[in-house]
Amino acid sequence: MKLRPGIYAAQIVPYDAEGRVKTKELAALVERSVVRGRMDGLYIGGSTGENFLNDAEAKRAVLETCAAAAAAASAKLGGPKVSLIAQIGSLNVREAESLGKLAAGLGYDAVSAVTPYYYKFSFAETREYYVRLAEAAGLPMLVYSVPALTGTSFDLDQTKKLYEHPLVAGFKYTSGDLFTMERLVKAFPDRLVFSGYDELLLCGRALGAYGAIGSTYNLFAPLARRVWEATGEGRLAEAREAQGELNDAIQELASLGLYQAIKEILAAEGIEAGDCLPPFGKLQPEAREKARNLGKRFADKGISIPRAGA
Ligand code: MN9
């Protein structure tokens, strides 16, 4: 498995007023995450990238832009290459298969796919979806489990059946069910669990998650790394304090609209990330002002990725 352990940003994607991907700004964000955020990896085309609101052309543009920008940024940094995971899941399975092939051609290290949603698919149908997508891509597959949004979760028996396919490599586990997370880590030590709720980073790391993927790491990579390392090294008081600081910040952002607020803070830093795609609403001027003030406070506290030249 080529994936690096550690902190992965769930990539924010800038869109223009017509909903087109702003590729220049997207590339700038990737460079910022890799070079200044010291990210171990990036998760491209997930919920944070508003991927499920996109058409196929935009999904392809996102995968292409991020692959090129990540390669350039890794080369600039000179260290090990940043790991790249492409989220390809879609209710249109043909589209998902074609995105998987694209990701493989672009040099992604793994794919991931959201559990099929909206219709009540049987487990057998869901399993077949993962087999088809993994085989189309020919890459390790991380099952993206986010029951709060999809209504689907897996028990241990079902997970075992998913893992019968050698390409099913693990989970992006975005659930507060920490009991099942622990069971997964213990029962399948050769598979990878990525912790998906930033609010539960400490818990995920303590239970043996291999890495963590999160939207708020686009801002709080330095703080997330403190939680990750302090937990891993058994400095629990420090880890709890850092997690508390992270959760305070997440709550403040979430009260404005999480992705919208992150985009506004990035815009204040000079990367015009635009508004979220409809049906997400735009921030009102007052909320924009609040987001910018929060961004300043986070920077002053040293919990967010430093600005260029800072
Ligand atoms: O990628 C993200 N999940 C979603 C994972 O956005 C659905 C998380 O990072 C959350 O945004 C975060 C805030 O609730 O934990």
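**Notebook: barrel and helix 9**

I looked up the overall fold first and found a closed barrel of eight strands in the order 1-2-3-4-5-6-7-8, with parallel pairing, where two strands count as paired if DSSP finds at least two bridges between them. From one strand to the next the twist averages 25°, the axes being lines fitted to C-alpha atoms (for helices over the stretch in contact) and the angles running from 0 to 180 degrees between N-to-C directions.

I noted that this is a predicted model, in which local features need pLDDT of at least 70 and side-chain atom pairs count only at pLDDT 80 or more, while totals for chains, interfaces and linings use all residues. Residues are numbered from 1 along each chain as its sequence is written, and side-chain values use heavy atoms, with hydrogens and water left out.

I then checked one pair: strand 4 (residues 110–114) and strand 5 (residues 141–145) run parallel and are joined by four bridges, and Ser 112 has Leu 142 in strand 5 as its bridge partner. Helices (H or I, at least four residues) and strands (E, at least two) are DSSP runs, numbered from the N terminus.

Next I turned to helix 9 (residues 217–232), which lies across strand 1 (6–10) and strand 8 (211–214) and runs at about 160° to strand 1. I found a kink of about 50° centred on Leu 223 in helix 9, the bend at a residue being the angle between axes fitted to the seven residues ending there and the seven starting there. Helix 9 is followed by Gly 234, whose phi is positive, near 80°.

Key:
Contact means heavy atoms within 4.5 Å.
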